[in-house]
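Thanks for coming, everyone. Please take a look at the model on the screen, and I will walk you through it.

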There are 2 protein chains.
Amino acid sequence: MNATPRWLTPEQKAAWDSFIRMQETLIGRLTRQLHVDSRMSASDFIVLASLTERGGGRMRFLDLAKSVEWEKSRMSHQVGRMAKRGLVAREECPDDGRGWFIVATPAGYRAIEEAAPMHVAHVRRLFVEALSPEELDTLARISQRVLTHMEQQPD
Amino acid sequence: MNATPRWLTPEQKAAWDSFIRMQETLIGRLTRQLHVDSRMSASDFIVLASLTERGGGRMRFLDLAKSVEWEKSRMSHQVGRMAKRGLVAREECPDDGRGWFIVATPAGYRAIEEAAPMHVAHVRRLFVEALSPEELDTLARISQRVLTHMEQQPD
DNA sequence: GCGGGATAGATGAGCTGTCAACGATCTCGT
DNA sequence: ACGAGATCGTTGACAGCTCATCTATCCCGC
């Protein structure tokens, strides 16, 4: 008994489909806008934002990776590319010979400071303004619920 | 007057952050599971699903692209890769010398039929079961709202 | 002080997505 | 019947992501 059905109910499938479509469209448009406006990828933006907001412009590599919930390999490649373009720099870590500090360069600060207002404007225009404050709140609650549910689940 | 503020309110930012975090975590986990379970990428799955469900296993290239809302270049690369792995094939189109039909091969059918139940199970486990039917419904409504709002907006 | 396991991070291969440019065919007005 | 545009789809260059593997350092018990 009590076998979980093989497929979703029509309501469940409809909810899943529209969530997926919404999320893809939204992320896609924001990513493209960011690139057009600021010649930056979403990854660049996230890293610089986390580094400057939460880290004061200077963070240990793995702390940075954890702060955005990325695998270290992804962050390593990303930092490598950003370093090549002069957005961040690596500094040796005196306390730990294996470790590095990742530092936002002046060019990195300039980049995020120029990009952020436009990016926020697009988020507002495409997402926030689509919803009432109550809906926004509901969505936040639902997202939290899914997140905590996932944390309790194995992979 | 009435200038839109430079940043989001704390409530708006909280909603945006938890939505983004949820969506990334969820999609990431589903993608990894799909790959582990079925050696298929999310793109493979989407293409095969659309092709077999909506197209009866055979669709014009651009119809296929539109059905999943992808750019043609993305679909072209994807179809190329899938053809190389034997999941789909291209067939000439008698009516239009420029065009092609994309066809799901027997291997393609087998792949999607084996992958789908597990994938649905993960969607259920990670997403559907996190929420009450009412919440699921609310999320669907909110997603729809954002989608139609975006359609009315320029890029 | 040294040997084993854990930790910090880099690296390379292979797949995916984007953008811009391209070639081929179709359509339609004249 | 022919030339201009539109449409169908491909291609190449390049950035991004994942997975597995690797090196260097650190920590800790003996």
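First, a term we need for the sheets: two strands pair if DSSP finds at least two bridges between them. Also keep in mind that this is a predicted model.

Let's start with chain A. Which residue is the bridge partner of A:Glu91 in strand 3 of chain A? The partner is A:Phe101. That bridge belongs to a wider pairing. Strand 2 of chain A covers residues 88-92, and five bridges link it to strand 3 in the antiparallel sense. Strand 1 of chain A, residues 58-60, pairs with strand 3 as well. That pairing is also antiparallel, over three bridges. In it, A:Met59 is matched with A:Ile102 of strand 3. So strand 3 of chain A pairs with strand 1 and with strand 2.

Is strand 3 of chain A enclosed or open? Strand 3 runs over residues 100-104, and four of its five residues are buried, so the rest of the structure largely encloses it.

Now chain B. Strand 3 of chain B, residues 100-104, has four buried residues out of five, so it too is largely enclosed by the rest of the structure. Strand 1 of chain B, residues 58-60, runs antiparallel to strand 3 and is joined to it by three bridges. Strand 2 of chain B, residues 88-92, is antiparallel to strand 3 and joined by five bridges. Look at B:Ile102 in strand 3. B:Met59 has B:Ile102 as its bridge partner. B:Arg90 stands opposite B:Ile102. Hold on to B:Arg90, please. We will meet it again at the DNA.

Next, how do the two chains relate? A rotation of 180 degrees, with 0.0 Å of shift along its axis, superposes chain A on chain B at an RMSD of 0.0 Å. The two copies are thus related as by a two-fold rotation axis. And where do they meet? Of the interface residues of chain A, 98% are also interface residues in chain B, so the copies meet through the same surface.

One residue gives us a view of that contact. B:Gln23 sits in helix 1 of chain B, residues 10-38. Is B:Gln23 buried or exposed? The cut-off for buried is under 20% relative accessible area. B:Gln23 has 5% relative accessibility, so it counts as buried. Which residues does B:Gln23 touch, leaving aside neighbours within four places in sequence? They are A:Phe19, A:Gln23 and A:Ile27.

On to the DNA. Strand D first. There are 23 residues around DNA strand D. The nearest are A:Ser73, A:Arg81, A:Gly97, B:Arg90 and B:Arg98. There is B:Arg90 again. Of the DNA strand D atoms that come within 4 Å of the protein, 63% are sugar and phosphate.

What about the bases? B:Arg98 has a polar side-chain atom 2.5 Å from a base oxygen of DNA strand D. B:Lys72 places a side-chain N or O atom 3.0 Å from a base nitrogen of this strand. For A:Arg98, a side-chain N or O atom is 3.4 Å from a base oxygen of DNA strand D. Three elements give two or more residues each to this surface: helix 4 (72-84) of chain A, plus helix 3 (61-67) and helix 4 (72-84) of chain B. Helix 4 of chain A has the largest share, five residues. By type, the surface near DNA strand D has three nonpolar, ten polar and ten charged residues.

Now DNA strand C. Which of the 23 residues around DNA strand C come nearest? They are A:His77, A:Arg90, A:Arg98, B:Arg81 and B:Gly97. Here 67% of the strand's atoms within 4 Å of the protein belong to sugar or phosphate, and the rest to bases.

Two phosphate contacts to point at. A:Ser76 has a side-chain N or O atom 2.8 Å from a phosphate oxygen of DNA strand C. B:Arg74 has a polar side-chain atom 2.9 Å from a phosphate oxygen of that strand. And one base contact: a polar side-chain atom of A:Lys72 is 3.0 Å from a base nitrogen of DNA strand C. The elements giving two or more residues to this surface are helix 3 (61-67) and helix 4 of chain A, with helix 4 of chain B. Helix 4 of chain B gives the most, five residues. The surface near DNA strand C divides into three nonpolar, ten polar and ten charged residues.

Conventions: Residues numbered from 1 in each chain as written. Chains lettered and ligands numbered in written order. Predicted model: local features only at pLDDT ≥ 70, side-chain atom pairs only at ≥ 80, totals over all residues. Heavy atoms only, no water. Least-squares fit on C-alpha atoms with pLDDT ≥ 70 in both. Contact = heavy atoms within 4.5 Å. Buried < 20%, exposed > 50% of the residue type's maximum accessible area, 1.4 Å probe, protein only. Near = heavy atom within 4 Å. Polar contact = N/O pair within 3.5 Å; in protein donor to acceptor, adjacent residues only side chain to side chain. Nonpolar A, V, L, I, M, F, W, Y, C, P; charged D, E, K, R; others polar.
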